[in-house]
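Reader: I've got the model open and I'd like to go through the labels people put on it. Could you show me the reasoning behind each one?

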Amino acid sequence: MTPAAPALGLVGTGAVGQAVGAALVAAGLCEQLLVASRTHAQAAALADDLDDMRAAIGSPVRPSAAEVPDLRECAAVVVAARARFTNTRHTDVRMGGAQANAPTIRALARHLTRYPRTVLVVTNPVDLMTRLFAEESSCPRVFGIGSNLDSARYRLTLARHLGVPVAAVHGHVIGEHGDAAVVCASSTTVNGHPVPVPLQEVRDELAGRPGRINAGIGRTRCGPAGAVVSTLRLALGVEDGMTELSVPYGEDCCGIPLRFTGGQPLPSVPLLDPFEVRQLEAARTKLRAAYGVVRGVPAQPLPSGRNL
Ligand SMILES: NC(=O)c1ccc[n+]([C@@H]2O[C@H](COP(=O)([O-])OP(=O)(O)OC[C@H]3O[C@@H](n4cnc5c(N)ncnc54)[C@H](O)[C@@H]3O)[C@@H](O)[C@H]2O)c1
């Protein structure tokens, strides 16, 4: 297997960082994996653990500890940092991290100012943190992981409900990676045919699944790691295809489907019915207001050059 990239970077060595690191070593997408974290000791510890994995499975990926500025040489950087805070929310849980994570994202963005390659933001609330990173860094290719994980959960739920393979289901979840997610039921197909979607069952599963995972194993980690690896395959041009990512969209930043060809993304929002249009508008209004709070100022439109 020839790795697609000389080096990839990873920021954060917690639950998500560990799972992403392991998935990248297993996937063999790069020759080197540079790991950075709040402390060098954390980065070195994860790099050693991943190096053991490399030796055990014969992966081409060589992990090593690094500082964030070293990641500028990488073909892509995954941001999975989380500030230390206690989230006491029961609804809109991901929004609970907005104020705490914003300074961390700002600091990381400054280290990577005008980094020209791909940044994948995982830190929640991901739609806000993606926009913050993009604005603070002026990086041209910043994508948020979240709606693609929601979409994977949606396809899984529908496949189980209908008793069909997941691969037979085509459908997207867009908008916010959070309580204002929009299930694109009207454009969903199974084996190429429209199907009635049990919307309440789907919404209950999207809302309840992360909480059940957290209750059982502390943090969600493998799902986001899978979403990161599949996105990197598209962004690095290893394969062409579609995924749902948070990107600048109009004056906001929210999850929409992007079709990648040769590593280049093109927005590909499906036709929405009037109910879905209203839901997407509500999600964008919510995100715009929340972003204004994170910035401490009313949200400004994104420069047109960065709108997708
Ligand atoms: N977008 C998604 O689909 C999705 C899914 C799951 C989790 N998440 C989010 O991913 C983030 C990480 O989650 P986690 O469970 O791994 O958190 P965690 O608390 O287990 O780990 C956070 C890591 O970030 C590091 N860190 C903190 N400040 C840093 C800094 N300034 N620079 C570099 N590293 C720093 C910490 O040392 C730690 O290694 C959270 O915001 C979480 O909500 C997103």
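Author: Sure, and keep in mind that this is a predicted model. Let's begin with helix 5 and helix 6 (residues 199-217), whose axes come within 10 Å and cross at roughly 130 degrees.

Reader: What makes helix 5 and helix 6 oblique to each other?

Author: Roughly perpendicular covers 65 to 115 degrees, roughly antiparallel starts over 145, and the rest above 35 counts as oblique. The crossing here is roughly 130 degrees, so helix 5 and helix 6 are oblique. As for handedness, helix 5 passes helix 6 in a right-handed crossing.

Reader: Which residues of helix 5 and helix 6 meet there?

Author: From helix 5 you have D150, R153, Y154, T157, L158 and H161, and they meet E201, V202, E205, L206 and R209 of helix 6. Sorted by class, that contact has five charged, four nonpolar and two polar residues.

Reader: Now the other partner. Why is helix 5 called roughly perpendicular to helix 7?

Author: Helix 5 (residues 147-162) and helix 7 (residues 222-235) pack at about 110 degrees, and their axes are 9 Å apart. The window for roughly perpendicular is 65 to 115 degrees, so helix 5 gets that label against helix 7. This crossing is right-handed too.

Reader: Which residues make the contact of helix 5 with helix 7?

Author: Helix 5 brings N148, L149 and A152, while helix 7 brings G223, P224, A227 and T231. The class count is four nonpolar, three polar and no charged residues.

Reader: And what makes helix 1 roughly parallel to helix 2?

Author: The angle between helix 1 and helix 2 (residues 40-57) is about 30 degrees, with the axes 10 Å apart. Angles under 35 degrees count as roughly parallel, which means helix 1 and helix 2 qualify. Their crossing is right-handed. On helix 1 the contact uses G17, Q18, G21, A22, V25 and A26, and on helix 2 it uses L46, L50, M53, R54 and I57. Seven of these residues are nonpolar, three polar and one charged.

Reader: Let's zoom out. How do you know where domain 1 and domain 2 begin and end?

Author: The bounds come from the domain assignment of the protein, with domain 1 at 5-144 and domain 2 at 147-295. Their C-alpha centres lie 21 Å apart.

Reader: How many residues of domain 1 and domain 2 are in contact?

Author: On the domain 1 side there are 32, and they touch 28 residues of domain 2. Helix 1 (15-27), strand 4 (76-79), helix 3 (98-111), strand 5 (118-121), helix 4 (126-137) and strand 6 (141-144) each supply at least two residues of that domain 1 side. Helix 1 has the largest share, with eight residues. By class, this side of domain 1 has 23 nonpolar, five polar and four charged residues.

Reader: Which residues are closest to the ligand?

Author: G14, A15, V16, R38 and N124 are the closest of the 30 residues that surround the ligand. Helix 1 and helix 3 are the elements that give two or more residues to this shell. Its classes are 14 polar, 13 nonpolar and three charged residues.

Reader: From which domains does the shell around the ligand draw residues?

Author: The shell takes at least three residues from each of domain 1 and domain 2.

Reader: On to the backbone. What makes the peptide bond from N124 to P125 worth a look?

Author: Most peptide bonds are trans. The bond from N124 to P125 is cis, with omega near -5 degrees. P125 sits in the loop between strand 5 and helix 4, and N124 is one of the residues closest to the ligand.

Reader: And what is the sign of phi at R114?

Author: Most residues other than glycine have a negative phi. R114 is not a glycine, yet its phi is positive, at about 55 degrees. You'll find R114 in the loop between helix 3 and strand 5.

Conventions. Residues numbered from 1 in each chain as written. Predicted model: local features only at pLDDT ≥ 70, side-chain atom pairs only at ≥ 80, totals over all residues. Domains from an automatic or database assignment. Contact = placed C-beta atoms within 7 Å. Helix = DSSP H or I, 4+ residues; strand = E, 2+ residues; numbered from the N terminus. Nonpolar A, V, L, I, M, F, W, Y, C, P; charged D, E, K, R; others polar. Near = placed C-beta within 6 Å. Axes fitted to C-alpha atoms, helices over the stretch in contact; angles between N-to-C directions. Left-handed = near helix turned anticlockwise from the far one by under 90°.
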